[in-house]
Amino acid sequence: MDNPNFSMYLSTKYRGGSEAALQPSEWASGAGVGWKPSPVNWPRIVVGADAAYGHTSDRVVAYLALRYLIPLK
């Protein structure tokens, strides 16, 4: 697909932490999408969705996000 306002990705993540609510610490496979709904009016706003499957716990973590791209120049 040749659309600069839409992106898809696959990932491998290591998630977890020292708190019980963040455990188990495990590897997870993930996928996500990003979309700029109005690149002319709001060029730095991206709507995104991400999900990851934990290989040890068999848990799926998913979220939606509204991101603002910060210019670093």
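Valine 47 is partly exposed, with a relative accessible area of 34%, where partly exposed denotes the range between buried (under 20%) and exposed (over 50%), computed with a 1.4 Å probe and protein chains only. The model is a predicted one, in which local features need pLDDT of at least 70 and side-chain atom pairs count only at pLDDT 80 or more, whereas totals for chains, interfaces and linings use all residues. Residues are numbered from 1 along each chain as its sequence is written, and side-chain values use heavy atoms, with hydrogens and water left out.

Valine 47 is located in strand S3 (residues 45–54), strands being DSSP runs of E with at least two residues, numbered from the N terminus. Together with Trp35 and Leu66, Val47 forms a nonpolar patch on the surface, with about 320 Å² of accessible area in total; such a patch joins nonpolar side chains within 5 Å, each residue having over 30% relative accessible area and no salt bridge, that is, no side-chain nitrogen of Lys or Arg within 4 Å of a carboxyl oxygen of Asp or Glu. Accessible areas come from the Shrake-Rupley method with a 1.4 Å probe.

The count of aromatic pairs comes to 1, with ring centres required to lie within 6.5 Å and planes over 60 degrees apart classed as edge-to-face. Tyrosine 14 and tryptophan 27 form this edge-to-face pair, at 5.2 Å centre to centre and 65° between the planes. Because tyrosine 14 lies in strand S1 (residues 6–15) and tryptophan 27 in strand S2 (residues 26–35), the pair ties together parts that are 13 residues apart in sequence. Both tyrosine 14 and tryptophan 27 are exposed.

How values were computed. Patch = residues over 30% accessible without salt bridge, like charges linked within 9 Å, V, L, I, M, F, W, Y side chains within 5 Å. Helix = DSSP H or I, 4+ residues; strand = E, 2+ residues; numbered from the N terminus. Phe/Tyr/Trp six-rings, centres within 6.5 Å; stacked < 30°, edge-to-face > 60°.
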